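User: Could you take me closely through the ligand site of this model, and then through the parts of the backbone that deserve a careful look?

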Amino acid sequence: MATPTLTIDLDAIAANWRSLDRLSAPDVQTAAVVKADGYGLGVDRVARGPCPGGARRFFVAYAEEGAAVRQALGPGPQIAVLSGHMAGDTEMIHDLDLTPMLNSLEQITRHLEALPGHAFGVQLDTGMNRLGVEMLEWQAIAPILIEAGPELLMSHLACADEPDHDQNLAQLETFHQMTDGTGLPRSLSATGGILIGPKFHFDLTRPGVGLYGGRPFDTGTRVVTLSLPVIQTREVAAGETVGYGGSWTAETVSQIATVAGGYADGLLRLLSNRGAVLWDGDIPCPVVGRVSMDLITVDVTHLAEVPRSLDILGAHQSVDELADAAGTIGYEILTSLGHRYLRRYQERGA
Ligand SMILES: *Cc1c(COP(=O)(O)O)cnc(C)c1O
């Protein structure tokens, strides 16, 4: 078949969720972050797959994404919206029972006026300067707001993938200052914070990338395999070039395989001529020339036989290893995965 195939192991996502859940104390809840279409893997399947009997709490970025998760899961599980309560979202938040994490005085006012009594949380800014209520404002409104019964006080760490970074402890201290004595459930950590240690866990953790087999959860299980079928193979003579711009020149006579898949599928053009490899089983095969929209050219001279397909993600190459070759992060590789793939979901059940 000439369609690139993306295989997504739902059992691996569930196993990663359980492993991350075990890293915190039994009374700490572990949610699942499924924003950006479940980190590119298909939120309708991903939200049903992980956390068997576990996470009944999910986080998305926007209310629209929450709608997709509600459709997949039905009533019951809590779906928290990180962007909070935006203008125009009131009906959706109400009808689909979403829980906005309110980020500003404006959002707090909007929510309490439009949907009094409807569940909400508050996101606090402890130093990332991206989203959330800042210290002075919080001190002014906390006494009143706490009366309204937020379900969660949360904040986000800017440098959690570097456990020794000073900003982690600084944000932890600020979070304590802002929330100690409130008696409300608290959450500070995504995948990175879970790995730093228990004092960052509070009542609820919010892993995302670790569920999907990405750094910094290095001991996690691989979740995705991406196989690109070989469309054609040709021999090029020494001195001939391959691909757009003639940017790669064969030094000796070479066998070049052209595979299906390109930058339109999220296989970034930055992977051109930077030492990226595809795999035939456990044999690496270098990408040569430029990645085009739908095609990648690969040097297979050293293979005894040209295979039907080559893997760009799988046992030998994680999303982070591929990201390293492109000068980016695994998160971006995952969330760039395109819509042309044949998607296969593997699920044996727990
Ligand atoms: C994306 C996000 C997460 C999940 O982060 P990972 O690093 O993928 O585990 C948790 N909390 C917030 C606020 C986020 O934006």
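Analyst: What follows begins with the ligand and its surroundings and then turns to the sheet and to two backbone details.

The model is a predicted one, and the ligand in it sits in the largest pocket. Around the ligand there are 14 residues, of which the closest are Lys 35, Tyr 39, Thr 191, Val 209 and Tyr 331. Sorted by class, this shell holds eight nonpolar residues, together with three polar and three charged ones.

Among the polar approaches to the ligand, one involves Tyr 39, where an N or O atom of the side chain is 2.5 Å from an oxygen atom of the ligand. Nitrogen atoms of the ligand are approached as well: a polar side-chain atom of Arg 206 lies 3.0 Å from a nitrogen atom of the ligand, and a polar side-chain atom of His 156 lies 3.4 Å from a nitrogen atom of the ligand. On its own the ligand has 390 Å² of accessible area, and the protein covers 92% of it.

Two of the closest residues, Lys 35 and Tyr 39, carry the numbers that bound helix α2, which spans residues 35–39. Ala 36 also has its place in this helix, and its phi is near 50°, a positive value in a residue that is not glycine. Most residues other than glycine have a negative phi.

Turning to the sheet, seven strands form an open arrangement in the order β3-β4-β5-β6-β7-β8-β9, and their pairing is parallel. Its edge strands are β3, at 32–33, and β9, at 186–187, each of which pairs on one side only. The partner of β9 is β8, made of residues 153–154, and the two pair in the parallel sense over two bridges. Across this pairing, Met 154 stands opposite Ser 187 in β9.

The other backbone detail concerns a peptide bond: Arg 215 and Pro 216 are joined in the cis form, with omega about 10°, although most peptide bonds are trans. Pro 216 is placed in the loop that runs between β10, at 204–205, and β11, at 224–236.

Methods: Residues are numbered from 1 along each chain as its sequence is written. This is a predicted model: local features need pLDDT of at least 70, side-chain atom pairs count only at pLDDT 80 or more; totals for chains, interfaces and linings use all residues. Side-chain values use heavy atoms; hydrogens and water are left out. A residue is near a molecule or strand if one of its heavy atoms lies within 4 Å of it. A polar contact is a pair of N or O atoms within 3.5 Å; within protein, one must be able to donate a hydrogen and the other to accept it, and residues adjacent in sequence count only if both atoms are side-chain atoms. Accessible areas come from the Shrake-Rupley method with a 1.4 Å probe; for residues, only the protein chains shown count as cover. On a 1 Å grid over the protein atoms alone, a cavity is a set of points where a 1.4 Å probe fits but cannot get out, and a pocket is an open set with protein on both sides within 12 Å along at least five of seven lines; lining residues have an atom within 4 Å of a point. A molecule sits in a cavity or pocket if more than half of its atoms lie within 2 Å of its grid points. Ala, Val, Leu, Ile, Met, Phe, Trp, Tyr, Cys and Pro count as nonpolar, Asp, Glu, Lys and Arg as charged, and the others, Gly among them, as polar. Two strands pair if DSSP finds at least two bridges between them. Helices (H or I, at least four residues) and strands (E, at least two) are DSSP runs, numbered from the N terminus.
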